There are 2 protein chains.
Amino acid sequence: MVQQLTLLGTGLMGSALTNRYLNRGVEVTVWNRSPERSAPLVKSGARAALNLPSALEANALVLVVLLDYSVFRSVMAGHEPLISGRDFINFMTGSAKDATELAAYISSHGGRYLEAAIEAYPDDIGQESTLIHYSGPEDIWLRHAALLRLPGAASRWIGELISAANVLDAAMAGAFYNTGIGAFLEAVDFARKAGVGIEPLENCLVYFLDLLKTELTAVINHHKSDDYRTDQATLSIYVAAVKSWRQTMLDSGQRASLFTANLHCMEMAVAEGRGHLGIAATYASHLQVPGQKQ
Amino acid sequence: MVQQLTLLGTGLMGSALTNRYLNRGVEVTVWNRSPERSAPLVKSGARAALNLPSALEANALVLVVLLDYSVFRSVMAGHEPLISGRDFINFMTGSAKDATELAAYISSHGGRYLEAAIEAYPDDIGQESTLIHYSGPEDIWLRHAALLRLPGAASRWIGELISAANVLDAAMAGAFYNTGIGAFLEAVDFARKAGVGIEPLENCLVYFLDLLKTELTAVINHHKSDDYRTDQATLSIYVAAVKSWRQTMLDSGQRASLFTANLHCMEMAVAEGRGHLGIAATYASHLQVPGQKQ
């Protein structure tokens with residue numbers, strides 16, 4: 001059976017996805033607001049739909065790679081009858097609220113919908129290690145899993161909650177990965193200002209990434225068990241060390257904005273009575289009141 | 001030739017260092033303000049000095065593992081004549097200023113001094129992978145390098161600048177590693193609050209640590225060449241993504257303190273005209289004015 005799908009939005013990421021599908025023998029119908037963006041894909045074997053309705057009519061599986069949710073809603077206006085009976089996979093980046101609202105919209109018009117978050121750059125599409133997170137109804141995932149794993153073999157469905165892919169994207173690509181880059185940039189800037197240069201940092205980067213892996217694995221285990229006690233450094237001990245390091249940075253004229261924000265979060269945890277626990281207890285949301293189960 | 005040294009301060013880290021040296025056949029004379037802390041080490045073969053002067057007189061190499069710089073200065077008061085002709089290796093955590101001032105003090109009394117920063121926990125002392133950074137006069141390092149590598153085989157001398165070990169410690173153990181933990185904790189807290197749970201984060205942690213390694217290696221290369229141009233995502237593009245992720249977190253009632261601090265630093269970089277460059281150009285300190293060499 002020939003596999004086929006429709007893809008809306010042929011920017012950098014949409015083009016990368018289309019090329020991957022074409023290379024694997026999938027028939028792809030593409031549509032883009034500016035049709036000329038699709039010309040290279042047509043040369044590679046894609047079929048360009050003349051308009052959005054004919055793009056939707058071509059297939060029961062529709063991948064959405066437009067700029068954002070509002071663009072999707074505006075181009076769909078008036079074509080809602082074509083939603084019925086179709087499965088939409090949304091690759092646009094958005095918030096938890098965006099996903100929840102789009103799910104209601106698609107569902108109210110008789111369609112089905114999976115959310116997707118691509119944790120990679122367009123150049124990485126099609127590689128073994130590339131990860132896309134999918135969330136939403138499991139039956140939709142199972143129906144298309146083989147096709148949805150083609151752009152990245154490491155891809156995973158992470159649950160029924162429609163917003164889960166967007167939340168995990170904001171958490172890991174955003175709050176962890178992006179802030180991690182920022183933290184390193186602050187470290188580099190300070191070391192260079194203080195006359196140490198870049199090479200000593202280069203020489204110990206892998207060492208500290210390994211330490212980070214060990215510590216974050218420990219953090220995960222604390223959170224899985226909801227047990228934040230430690231026989232290693234407590235939050236109070238960390239706060240003392242962080243204050244000393246931060247002073248070193250301030251002495252050198254380094255603002256230390258991220259470091260200061262982190263210290264503040266840790267100080268709040270100590271002020272709220274968690275100084276005797278491990279650093280995994282910095283945020284209190286999941287600490288159970290003794291004798292009370294969540 | 002029997003190797004021997006004096007070690008001041010037998011807390012957790014001082015005891016770990018002493019045990020490592022004893023196990024490798026080094027004769028260790030220890031001294032501690034509270035002598036009872038040294039008793040287990042004496043059982044293991046250390047010699048306990050009755051007082052600080054006799055501890056100093058015992059050897060020409062003195063390792064200092066007291067609580068902090070001010071404790072060292074206060075216990076040394078009146079014994080300065082014993083500094084002359086001795087090499088002091090300082091394992092206490094301190095600022096760049098602490099190191100510079102201690103160097104002047106030791107030097108003014110005829111002693112020599114190396115700064116050390118232990119990038120590991122007491123349990124890690126003696127392992128192949130354990131890293132201690134040393135900085136200060138190269139001849140002192142070369143004289144004792146074999147002994148100074150015994151507590152951690154990965155240890156390195158990073159330069160003549162006496163404060164370099166403290167700066168690198170604040171930069172990497174502090175600003176990078178500690179903020180990296182905080183960033184992950186913020187991500188975990190958000191994902192749990194938003195109903196995604198801990199397992200999807202666990203499943204993609206190694207993926208994002210690998211991405212981080214790739215990106216930070218790229219950052220180092222930008223800084224080594226002082227060339228911050230990119231054909232990947234520019235700072236302006238990152239700012240747009242970070243704003244969207246942050247909104248997702250705020251919508252869920254997540255303060256996103258670290259993420260917000262990072263966004264602010266990136267927004268300042270864009271405001272200062274670096275939006276067309278890569279994320280490595282977030283801080284401007286090292287950007288050269290065109291046509292002008294540093």
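Here are legends for a set of close-up views of this two-chain model, which is predicted.

**View 1. Where chain B meets chain A.** Let's start with the contact between the chains: 84 residues of chain B touch 85 residues of chain A. Which helices of chain B each bring at least two residues to that side? They are α5 (96–108), α7 (164–193), α8 (199–225), α9 (235–251) and α10 (257–274). Of these, α7(B) gives the largest share, with 27 residues. Sort the touching side of chain B by residue class and you get 50 nonpolar, 22 polar and 12 charged residues.

**View 2. Helix α7 of chain A crosses α10 of chain B.** Here we zoom in on one pair of helices from the two chains. A packed pair of helices is described by two things, the angle between the axes and the distance between them. For α7(A), residues 164–193, and α10(B), the axes come within 9 Å and cross at roughly 50 degrees. The two helices, α7(A) and α10(B), are therefore oblique to each other. As for handedness, α7(A) goes past α10(B) in a left-handed crossing. Who meets whom? From α7(A) come A:Gly174, A:Ala175, A:Asn178, A:Thr179 and A:Gly182, and facing them in α10(B) are B:Leu258, B:Phe259, B:Asn262 and B:Cys265. That contact counts four nonpolar and five polar residues, with no charged ones.

**View 3. The open sheet of chain A.** Eight strands of chain A line up in the order β3-β2-β1-β4-β5-β6-β7-β8, with mixed pairing. Why do β3 (47–48) and β8 (156–157) of chain A each have one side without a neighbour in the sheet? Both stand at the edges and have a single partner strand each, so that side is left free of a sheet neighbour. Further in, β6 (residues 112–118) and β7 (residues 132–135) of chain A pair in the antiparallel sense over four bridges. Look for A:Ile118, whose bridge partner in β7(A) is A:Ile132. Packed on this sheet is α7(A), which touches β6 and β7 of chain A and points at about 15 degrees to the direction of β6(A).

**View 4. A closer look at strand β6 of chain A.** Is this strand mostly covered or mostly open? It's mostly covered, since six of the seven residues of β6(A) are buried. Strand β5 of chain A, residues 87–90, runs parallel to β6(A), and four bridges join the two. One spot to find is A:Phe88, which has A:Tyr113 as its bridge partner in β6(A).

**View 5. The open sheet of chain B.** In chain B, an open sheet of eight strands runs β3-β2-β1-β4-β5-β6-β7-β8, again with mixed pairing. At its edges sit β3 (47–48) and β8 (156–157) of chain B, each pairing on one side only. Strands β1 (residues 4–8) and β2 (residues 27–31) of chain B run parallel, joined by five bridges. Among the partners there, B:Leu8 is bridged to B:Trp31 in β2(B). Helix α7(B) packs on the sheet too, touching β6 (112–118) and β7 (132–135) of chain B, with its direction about 15 degrees from that of β6(B).

**View 6. A:Asp231 in a loop of chain A.** This last view picks out A:Asp231, found in the loop between α8 (199–225) and α9 (235–251) of chain A. Buried or exposed? A:Asp231 counts as exposed, because it has 6 C-beta neighbours inside 10 Å. Also look for A:His276, 45 residues away along the chain: the C-alpha atoms of A:Asp231 and A:His276 are 9.9 Å apart.

Methods: Residues are numbered from 1 along each chain as its sequence is written. Chains are lettered from A and ligands numbered from 1 in the order in which they are written. This is a predicted model: local features need pLDDT of at least 70, side-chain atom pairs count only at pLDDT 80 or more; totals for chains, interfaces and linings use all residues. Two residues are in contact if their C-beta atoms, placed from the backbone, lie within 7 Å. Ala, Val, Leu, Ile, Met, Phe, Trp, Tyr, Cys and Pro count as nonpolar, Asp, Glu, Lys and Arg as charged, and the others, Gly among them, as polar. Axes are lines fitted to C-alpha atoms, for helices over the stretch in contact, and angles run from 0 to 180 degrees between N-to-C directions. Angles under 35 degrees count as roughly parallel, over 145 as roughly antiparallel, 65 to 115 as roughly perpendicular and the rest as oblique. A crossing is left-handed if the near helix is turned anticlockwise from the far one by less than a right angle, and right-handed if clockwise. Two strands pair if DSSP finds at least two bridges between them. A residue is buried if 20 or more other C-beta atoms lie within 10 Å of its own, exposed if 12 or fewer, and partly exposed in between; C-beta atoms are placed from the backbone.
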